[in-house]
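Me: I've just opened this one and could use a guided tour. Can we go through it with a few questions?

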Amino acid sequence: MGLPDKKEVYTYEDYLNWPDDKRIELIDGQIYSMAPPSRIHQEISGAIYLQFANYLKDKKCNVYYAPFGVRFSEKNEKDIKTVVEPDIAVVCDKSKLDNEGCKGAPDLIVEIVSPSSASKDKIEKFNLYEKYGVKEYWIVEPEEKIISVFTLQDNNRYGRPEPYTVGNKIKVSIFDDLVIDLKDVFS
């Protein structure tokens, strides 16, 4: 089964009715197909997820991995035209969680880029996450073994990225004492 009939703008209702075998994101009413993740992508995602999950055990925040829907809306549920599936999302406000995923901005999002998703992750999603107030956004580049960490500033804009690579440790800004060791991520 293919994509839905061509429309100018798609909504969350359209998204809910797409076939389960299609991985699709919706940004500002436009469809973005998602390629299956590579083995390296999965290894990196798993390594990052594991460090967050171990830290968050018995704490108030939760960590989720794709596919996990994050919905953004200017108004109400019927007006949702943006649904993304970040590779990793940390959510500390449980009122944002429901059976469909997260409604509103997670506290932290990690996207692992592939050649087909690089511009979407670095431009569209960067702007989207900044606009809706994701406090910390990580862009992971597996080939270069680099993670760029963007932190929301007092002016509600992301500051300059903090770049990290093999051998570095990332101090997660939304927690007092969480450090992610990249030797375990890029091994």
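Reply: Sure, and one term comes first: a residue is buried when its relative accessible area is under 20%, exposed when that area is over 50%, and partly exposed in between. Also keep in mind that this is a predicted model.

Me: Let's begin with aromatic rings, then. How many aromatic pairs are there, and what is the geometry of the one formed by Y64 and F68?

Reply: The count comes to 15 aromatic pairs. For Y64 and F68, the rings sit 4.2 Å centre to centre, with 0° between the planes. Planes under 30 degrees apart count as stacked, so the pair of Y64 and F68 is stacked.

Me: Is F68 buried or exposed?

Reply: Its partner Y64 has a relative accessible area of 23%, so Y64 is partly exposed. F68 has 10% relative accessibility, and the cut-off for buried is under 20%. That makes F68 buried.

Me: What about Y137 and Y158: which kind of pair do they form?

Reply: Their centres are 6.4 Å apart, and the angle between the planes is 35°. Stacked needs under 30 degrees and edge-to-face needs over 60. The pair of Y137 and Y158 is therefore tilted.

Me: How many residues apart in sequence are the parts that this pair ties together?

Reply: Y137 lies in strand β10 (residues 136-141), while Y158 is in the loop between β11 (146-151) and β12 (162-165). Both rings are buried, Y137 at 0% relative accessibility and Y158 at 9%. The parts tied together by the pair are 21 residues apart in sequence.

Me: Which residues form an aromatic cluster with Y137 and Y158?

Reply: Both tyrosines belong to one aromatic cluster. The other members are F72, F126, Y129, Y132 and F150.

Me: Which residue lies over the face of Y55?

Reply: Here a charge sits over a ring, at 4.3 Å from the ring centre. The residue over the face of Y55 is K59.

Me: Now the pockets. Which element gives the most to the lining of the largest pocket?

Reply: The largest pocket has a volume of about 700 Å³. It is lined by 37 residues, and the closest to its centre are H41, I112, V113, S114 and S117. The elements giving two or more residues to that lining are β2 (30-33), α2 (39-56), β9 (108-112) and α3 (118-132). With 7 residues, the one that gives the most is α3.

Me: How many charged residues are in the lining of the second largest pocket?

Reply: This pocket has a volume of about 330 Å³. Of its 16 lining residues, the closest to the centre are Y15, D20, K22, I24 and E85, and the largest share of the lining, 3 residues, comes from α1. By class, the lining has 9 nonpolar residues, 1 polar, and a charged count of 6.

Me: Last stop is strand β6. Which residues point the other way from I88 and V90?

Reply: In a regular strand the side chains alternate between the two faces of the sheet. In β6 (residues 88-91), I88 and V90 point one way, and all four residues of this set are buried. The ones pointing the other way are A89 and V91.

Me: And which residue of β9 stands opposite I88?

Reply: β6 runs antiparallel to β3 (residues 62-65), with 4 bridges joining them, and there I88 is the bridge partner of Y65. β6 and β9 also run antiparallel, joined by 3 bridges. In β9, the residue opposite I88 is V110.

Methods: Residues numbered from 1 in each chain as written. Predicted model: local features only at pLDDT ≥ 70, side-chain atom pairs only at ≥ 80, totals over all residues. Heavy atoms only, no water. Phe/Tyr/Trp six-rings, centres within 6.5 Å; stacked < 30°, edge-to-face > 60°. Buried < 20%, exposed > 50% of the residue type's maximum accessible area, 1.4 Å probe, protein only. Lys NZ or Arg CZ within 6 Å of the ring centre and 35° of its normal. 1 Å grid on protein atoms, 1.4 Å probe; cavity = no way out; pocket = protein on both sides within 12 Å on 5 of 7 lines; lining within 4 Å. Points joined across faces, edges and corners; volume = space filled by probe spheres on them. Nonpolar A, V, L, I, M, F, W, Y, C, P; charged D, E, K, R; others polar. Pairing = 2+ DSSP bridges.
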